[in-house]
Amino acid sequence: MSSTRTFTVPMSSPDITAEERAAVARVLDTTSLSIGPVVDAFEQAFAARVGARHAVAVCNGTAALHLAVILAGVQQGDLVVTTPFSFVASANVVLYERAIPVFVDVDADTGNVRPDLVNEALADLARGGKAARQWLPPNLRDDRVGPVKAVLPVHAFGQPADMDPIVAAASVNNVTVIEDACEAIGAHYRGRPAGGLGDVGAFAFYPNKQMTTGEGGMLFTSRSDWNTLARSLRNQGRDVHGGWLDHARLGYNYRLDEMSAALGLAQLERLDDLLARRQRVAAWYRERLTNVEEVVLPVTSATTTRESSFVFVVRLAERLDRNAIIKGLAARGIPSRPYFAPIHQQPFYVARFGYRSEAFPVCEAWGRSALALPFSSVMTVDQVDVVCRELTATIHGQPVR
Ligand SMILES: *Cc1c(COP(=O)(O)O)cnc(C)c1O
């Protein structure tokens with residue numbers, strides 16, 4: 001990416017108040033900067049909001065997903081059915097455990113994984129034989145592989161995947177549902193909060209998410225054995241009542257510090273307001289782009305009963321060269337990004353698994369045409385005006401002013 005200094009509108013921006021700065025500063029006046037009371041308070045507040053019995057704060061969303069994969073018992077050679085249209089971390093956490101992501105294609109309207117394909121894949125993989133092999137990555141079709149241990153749907157751009165049929169299919173096949181809700185903080189699916197829809201869920205608090213802790217993440221589960229295990233795994237494998245140098249299992253340092261938790265707790269108190277501001281910016285975009293023929297606006301599905309936009313992603317008509325539009329926008333001082341880049345097309349996935357072009361055609365069409373525009377809760381209507389004006393001018397090939 002070129003330097004953001006030349007851009008007139010930032011791609012994203014955190015939204016931090018004086019009260020939030022003060023909350024962080026108050027922690028710095030205490031003696032516990034990690035493993036202290038603020039992380040506990042942050043966890044309890046979030047568990048209540050999501051409707052999960054337990055919340056475990058960790059150092060980022062990827063760590064939350066990695067722990068979720070371990071909780072699901074995923075081991076070397078096991079399979080995890082997931083989406084190729086996501087941020088790379090949602091599949092990488094499967095690779096961390098030397099397991100195999102089994103990708104299925106996504107919905108053309110939402111970009112979320114198709115529950116009917118998840119269902120088919122689970123049924124075929126349970127049956128084994130030829131029917132099962134067609135779902136495996138090309139390079140592994142002749143290999144011996146383990147069973148499916150989990151399904152890992154992702155809520156693309158903040159819109160919940162169609163979870164009910166996914167959970168039903170998982171339950172029939174006795175596999176764990178890991179919900180990557182990293183982009184969907186505050187969203188509701190059929191009246192229920194994202195993050196608490198599967199067996200284990202994950203949020204991320206990177207600075208461009210709906211709320212931030214700097215770096216940070218949260219794992220949700222209603223199983224108390226998984227809560228205990230996750231707390232041990234994030235803290236170097238220590239048991240709750242064990243000593244500092246007693247390590248019951250292989251663990252990690254995935255802890256969240258107290259300053260980050262203080263920021264998160266204050267942001268969580270303001271989450272409804274942060275979401276309302278984001279949806280207002282999204283509405284401004286919709287109003288201004290609705291009549292631009294070459295731009296397809298994001299679709300809100302009927303199952304999304306509360307919206308929480310993480311990014312504002314439009315699709316460009318297939319005849320337009322999306323990457324040229326990004327360059328054109330940059331020349332006009334407007335940052336924009338492809339989002340997502342399909343995971344199975346990342347070079348190390350191609351090298352390892354042998355994916356060829358058109359392996360997941362709907363995902364790949366999204367990958368070619370999706371364009372993330374500048375978006376945040378602090379974006380002004382004037383900034384949205386400028387972005388939409390310059391986008392339209394770029395599409396119509398008008399000269400840079
Ligand atoms: C942000 C994000 C993550 C990971 O979050 P980090 O905190 O950056 O590790 C995982 N999955 C998706 C879909 C995300 O958008």
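Begin the tour by selecting Arg-192, which counts as partly exposed at 35% relative accessibility; here buried means under 20% relative accessible area, exposed means over 50%, and partly exposed lies in between, with a 1.4 Å probe and protein chains only. What you have open is a predicted model, in which local features need a pLDDT of at least 70 and side-chain atom pairs count only at pLDDT 80 or more, while totals for chains, interfaces and linings use all residues. Residues are numbered from 1 along each chain as its sequence is written, and side-chain values use heavy atoms, with hydrogens and water left out.

**Stop 1: Arg-192 and its partner**

Keep Arg-192 selected and add Asp-164, with which Arg-192 forms a salt bridge whose closest N and O atoms are 3.0 Å apart; the term stands for a side-chain nitrogen of Lys or Arg within 4 Å of a carboxyl oxygen of Asp or Glu. This pair links distant parts of the chain, since Arg-192 is in strand β7 (residues 192-193) and Asp-164 is in helix α7 (residues 163-172), 28 residues apart. Helices (H or I, at least four residues) and strands (E, at least two) are DSSP runs, numbered from the N terminus. Asp-164 is partly exposed, with a relative accessible area of 29%.

**Stop 2: from α2 to α10**

In total the structure holds 22 salt bridges, and another of them joins Arg-49 to Asp-272, with the closest N and O atoms 2.9 Å apart. Arg-49 lies in helix α2 and Asp-272 in helix α10 (residues 271-289), so this pair ties together parts that are 223 residues apart in sequence. Both ends can be coloured by exposure: Arg-49 is partly exposed at 28% relative accessibility, and Asp-272 is partly exposed with a relative accessible area of 41%.

Stay on helix α10 and select Asp-273 together with Arg-277, which form a salt bridge with closest N and O atoms 3.0 Å apart. Because they are 4 residues apart in helix α10, Asp-273 and Arg-277 are separated by about one helical turn. Asp-273 is partly exposed, with a relative accessible area of 32%, and Arg-277 is partly exposed, with a relative accessible area of 33%. Salt bridges that share partners also join Asp-15, Glu-20 and Arg-270 into one network.

**Stop 3: Asp-15**

Now centre on Asp-15, which lies in the segment before α1 and counts as buried, at 12% relative accessibility. Leaving aside neighbours within four places in sequence, Asp-15 is in contact with Glu-20, Gln-267, Arg-270, Leu-274, Arg-277, Ser-377 and Val-378, where contact means heavy atoms within 4.5 Å. With the side chain of Ser-377, the side chain of Asp-15 makes a polar contact of 2.8 Å (a pair of N or O atoms within 3.5 Å; within protein, one must be able to donate a hydrogen and the other to accept it, and residues adjacent in sequence count only if both atoms are side-chain atoms).

**Stop 4: backbone details in the loops**

Most residues other than glycine have a negative phi, and most peptide bonds are trans. Select Tyr-339 and Phe-340, where the peptide bond from Tyr-339 to Phe-340 is cis, with omega near -5°; Phe-340 is found in the loop between α11 (322-331) and α12.

Next go to Asn-174, which has a positive phi near 60°, lies in the loop between α7 and β5 (176-180), and counts as exposed at 71% relative accessibility. Then select Glu-358, which has a positive phi of about 75° although it is not a glycine; Glu-358 sits in the loop between α12 and α13 (361-369) and counts as partly exposed at 40% relative accessibility.

**Stop 5: Pro-347**

Pro-347 lies in helix α12 (residues 347-353) and is exposed, with a relative accessible area of 60%. Draw a distance from Pro-347 to Arg-98: the two are 249 residues apart in sequence and 18 Å apart in space, C-alpha to C-alpha.

**Stop 6: colour by confidence**

Finally, colour the chain by pLDDT, the predictor's confidence in each residue, from 0 to 100. The chain has a mean pLDDT of 96, and 99% of its residues reach 70 or more. Over residues 1-5, however, the pLDDT is below 50, and this stretch has 2 contacts in the model beyond near neighbours in sequence. Where pLDDT is low, the predicted coordinates should not be read in detail.
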